Amino acid sequence: MVLGIIIPGTFLYAQPIGIIPQPVSTQWKDGHFLLDANTVIVADPAQKPTVAFFSDYLQRFYGLKLLVTPSTPTTNYILFKTQPAGQPREGRYTLTATTTGITITGDNDPGTFYGMQTLIQLLPLSPFESRDNGPAIRLSAARNLAIPAVAIEDYPRFAYRGLHLDVGRHFFPVDFVKKYIDYIALHKMNYFHWHLTEDQGWRIEIKKYPRLTEVGAWRSGTIIGHHPGTGDDSIRHGGYYTQDQIKEVVQYAAERYITIIPEIEMPGHASAALASYPWLGCTGGPYMVKHNFGVHKEVFCAGNDSVFNFLQDVLDEVMPLFPSTYIHIGGDECPKDSWKACPKCQARIKALGLKNEEELQSYFIGRMEKYINSKGKRIIGWDEILEGGVAPNATVMSWRGEKGGIEAAKQHHNVIMTPGTYVYFDHAQTHNDDSLTIGGYLPLETVYKYEPIPAGLTDEEAKYIEGAQANLWSEYMANPRKVEYMLFPRLSALAEVLWSPKANRSYTEFQHRLADQYKRYALWQANPYQVYFKPADSLVQQKISTWQDSKFGLMMHWGTYSQWGVVESWSICPEDEGWTQRRGPYADTYTGYVQAYEKLQTTFNPTHFDPAKWAAAAKEAGMKYVVFTTKHHDGFCMFDTKQTDYKITSTKTPFSSNPKSNVAKEVFDAFRKDGFMIGAYFSKPDWHSENYWWPYFPPKDRNVDYDPAKYPDRWKAFKDYTYNQIRELMTDYGKMDVLWLDGGWVRPLSTVDPGVEWQKGIRYDQDVDMPKIAAMARSQQPGLIVVDRSVPGEYENYTTPEQQVPVHPMDDPWETCMTMGNSWSYVPHDHYKSTTQLIQLLVKIVSRGGNFLLNVGPSPDGDWDDTAYSRLKEMGAWLKVNGEGIYNSRTIAPWSSGNVYLTQSKDSANVYAFVLGDVLPTELTIEKYTAKPGSRITILGRKEKLKWRQEGKNMIISAPANIRGDYAITLKISK
């Protein structure tokens, strides 16, 4: 029985595992092949590269080493073979997995290798475990790996599927270059463009010219910050590859059916070569290996025959190292200043009858091309080589948009598309990236939706588009981790663009498969950018939009811990942190303290509890949604769960006899009645549960105190407990809008970010099966927003910066959660933020595209501090006047200017400028904001109309003297 078919234009979310790039045809079937230590690999010697790659991968990440044999048994085998079927097609393969064996058949050896890459993606991706040599997947209890039964037919759409790496601006060691090549192979790509020479460094040994690496491979410093820089670090940087290392890397790539294309830049980007041999330039120097980036005027002299002899000598050493038919000679960004002032260059122009320096560059490229052709090689150059004409067999890389590619294809040149708009991976992945980048904006979706064949080409002209390539320029990538951050997940998107049929591609469906790909990134110990997973469910999208419009919400942390005035339940966590310190009469011993803490249940009696009073105060404050703590990490439930007696409705709790004892339900009902969106805070960890903190072991920290993989039944019991409690909240407590899950250390090990300090302590895979939980929750609450805090992926529908405001606007939905006082939970005599602070925080957060979730901790008797009521009342009064610029607003550049913060209405008809403080200056400058002619400016809550003028990129507003307001004054700019 066929369970699911993937054919062009058809996508099913029920795929057992996500394959990237999407195959041409996939038919999922019943059953699994169980791979274990007794499985054999069947292959002839021609499949050695394929077998070696698969065996290494299987041993490294799964701990299995399989026997290789030439003969096929009747069962429990993996067969790799090359055997063309019908009309052979480059890269084509079939993969058939049944319960007895797996057979991969390629039309050619690369096809068999690509089929093996698909098999790698069929391997299970959980449970993760940490080993001494890095992350790995633990075998099942039966010591095997279950691979879903499937039949796949597959082949690439484009012949050229490339990735570039610039090692000139920053040098990367051989080990990383090999890892980079593995990334190419794992994505079924087949070309590596190695950019080896630059103004900032010469990276390849040339034995005839040793100064190229003695001098040219090193610079004495690098600019600090973005070009032109704020200074120089004066740190020597450099390195180069010996010819033996080049051979080693070329062989490594060949074993992965990857062709390396070397690039030796000419006639521009030559400063490192000129610094090594000044006679190569027009002036004779002195020259230096550049510290800064950009385009430099120092270029090879086009009037000096010795330069051509030098370049030919260089190529004579380079070409034998690389079997590639292609040699990349750059040809881009060559300023003509030196040539215009050079007698030799001008004499060359005159002697050849050239019209100008552009034609001199064409002569330069043409002369080198003829030499390269004479050696049986062909040139590739950036699209500038088209200027002035180029030989018919040259291949053009179109990087300045698509125009160069279109022009080259129409001239019947082979074309590789590399337009910056779509495939320059040095461009930022978010509008305001906290890491330093060259600029630009290239999100994942733009890469995925790229079509390499430009519109306007005839079918015949389109045949000259060989494929496309992503370029990764390293000006602002000084280490491998940054390279990986810029590379992933965009490489996965491009791989699918270049491999899969156009009709098969769906960005929504790709995102669904990308969740599995992130697990592979973790397995490889890569450092990907964490892309936001936009929910596929339109109801969830609508709910998020409504939530974003609300802007201002209330959070309440409340539990038995309020009786002691401590930081929620953190004091029972055996970690040595400021917020976990034990105080009071029971603090001397951990065991005694926990016993006393759990007895707080027997004294918790908040008789002043009146949720209607809270709802009224929050409504008057202008709040639109509420998130209430149903259970904190201690496991004490503020709702009537049936899973435990550690709850407020237990007979052990004095308040259980109160008609309002089911506190969470009372809160939700009261706030819902006043029109609030409802959010349930729920802690995934539960320190009271014997299936999380098993009494057999003492807890060591906040994490589960046993290995879930070693004790799967106990962990399953905890998962069921968690699932059942959330199901209760989703079924018995009315309409829910947000499921706000805290305790981010309860997560799949594959999602742990080793760069985040608190995540380093997560030793075990703590997967509670969020897909199952979310599916259940949304079946009961259609459109539910799920916030699995700090666990990037499909179930973190918005992010929640805690006690902080992001410096820049963020592209995706987010919410700052922050305390009104110093503590999340009730503390006697807590210090509360002033109304000025709170309103100005709200303005800053909203101007950067976020929501403000403000926490108030109820006291043990069930009420708020009077100060909290006062602050909320004052905020509400301000919002009644100024809320027009807060609610339903969107961000607008430049977001802020000095103490002025901007928002705009949803329809973009009005801009709101919030001037922080209580006095409006008589002249106010909003830098880098250009108002539309005829715009009118008024002050919210007042009748005055203000005058304004535009001075360059700045808007200047004039106001009468002595205009005052409370906390922040709002100007409305009507377009």
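This briefing walks through selected strands, a sheet, a helix and some salt bridges. The structure is a predicted model. Among its elements are an open sheet of 7 strands with parallel pairing and a strand, β18, whose 5 residues are buried. Across the whole structure, a search finds 50 salt bridges, and a few of them are picked out below.

**Strand β18 and its partners**

- Strand β18 spans residues 326-330 and is mostly covered, with 5 of its 5 residues buried.
- In a regular strand, side chains alternate between the two faces of the sheet.
- On one side of β18 sit Y326, H328 and G330, on the other I327 and I329, and all of these are buried, so both faces are covered (buried means under 20% relative accessible area).
- Strand β17 (residues 259-266) runs parallel to β18 and is joined to it by 2 bridges; here M266 has G330 as its bridge partner.
- Strand β19 (residues 378-382) also pairs with β18 in the parallel sense, over 3 bridges, and I327 is partnered by I379 of β19.

**The open sheet**

- Its strand order is β27-β26-β25-β24-β23-β29-β28.
- At the edges lie β27 (785-788) and β28 (815-819), each of which pairs on one side only.
- On average, neighbouring strands of this sheet are turned by 20 degrees against each other, direction ignored.
- Within the sheet, β25 (residues 677-683) and β26 (residues 738-742) run parallel and are joined by 5 bridges, with V738 of β26 as the bridge partner of G679.
- Helix α24 (residues 835-847) lies across β23 (552-556), β28 and β29 (851-855), and it runs at about 150 degrees to β29.

**Salt bridges**

- R131 and E129 meet through their side chains at 2.9 Å, N to O; R131 is partly exposed at 29% relative accessible area, whereas E129 is buried at 13%.
- This pair belongs to a network of salt bridges that links E129, R131, R138 and D707.
- K735 and D737 form another salt bridge, with their closest N and O atoms 2.8 Å apart; K735 is partly exposed at 48%, while D737 is buried at 4%.
- E884 pairs with K972, again with the closest N and O atoms 2.8 Å apart.
- Because E884 lies in the loop between α25 (866-882) and β30 (889-890) and K972 in strand β38 (residues 968-974), their salt bridge ties together parts 88 residues apart in sequence.
- E884 is partly exposed at 38% relative accessible area, and K972 is buried at 19%.

**A residue of helix α22**

- D713 is found in helix α22 (residues 712-732) and is exposed, with a relative accessible area of 65%.
- The C-alpha atoms of D713 and N691 are separated by 9.4 Å, and the two residues are 22 residues apart along the chain.

Note on methods
Residues are numbered from 1 along each chain as its sequence is written. This is a predicted model: local features need pLDDT of at least 70, side-chain atom pairs count only at pLDDT 80 or more; totals for chains, interfaces and linings use all residues. Side-chain values use heavy atoms; hydrogens and water are left out. Buried means under 20% relative accessible area, exposed over 50%, partly exposed in between (1.4 Å probe, protein chains only). Helices (H or I, at least four residues) and strands (E, at least two) are DSSP runs, numbered from the N terminus. Two strands pair if DSSP finds at least two bridges between them. Axes are lines fitted to C-alpha atoms, for helices over the stretch in contact, and angles run from 0 to 180 degrees between N-to-C directions. Contact means heavy atoms within 4.5 Å. A salt bridge is a side-chain nitrogen of Lys or Arg within 4 Å of a carboxyl oxygen of Asp or Glu.
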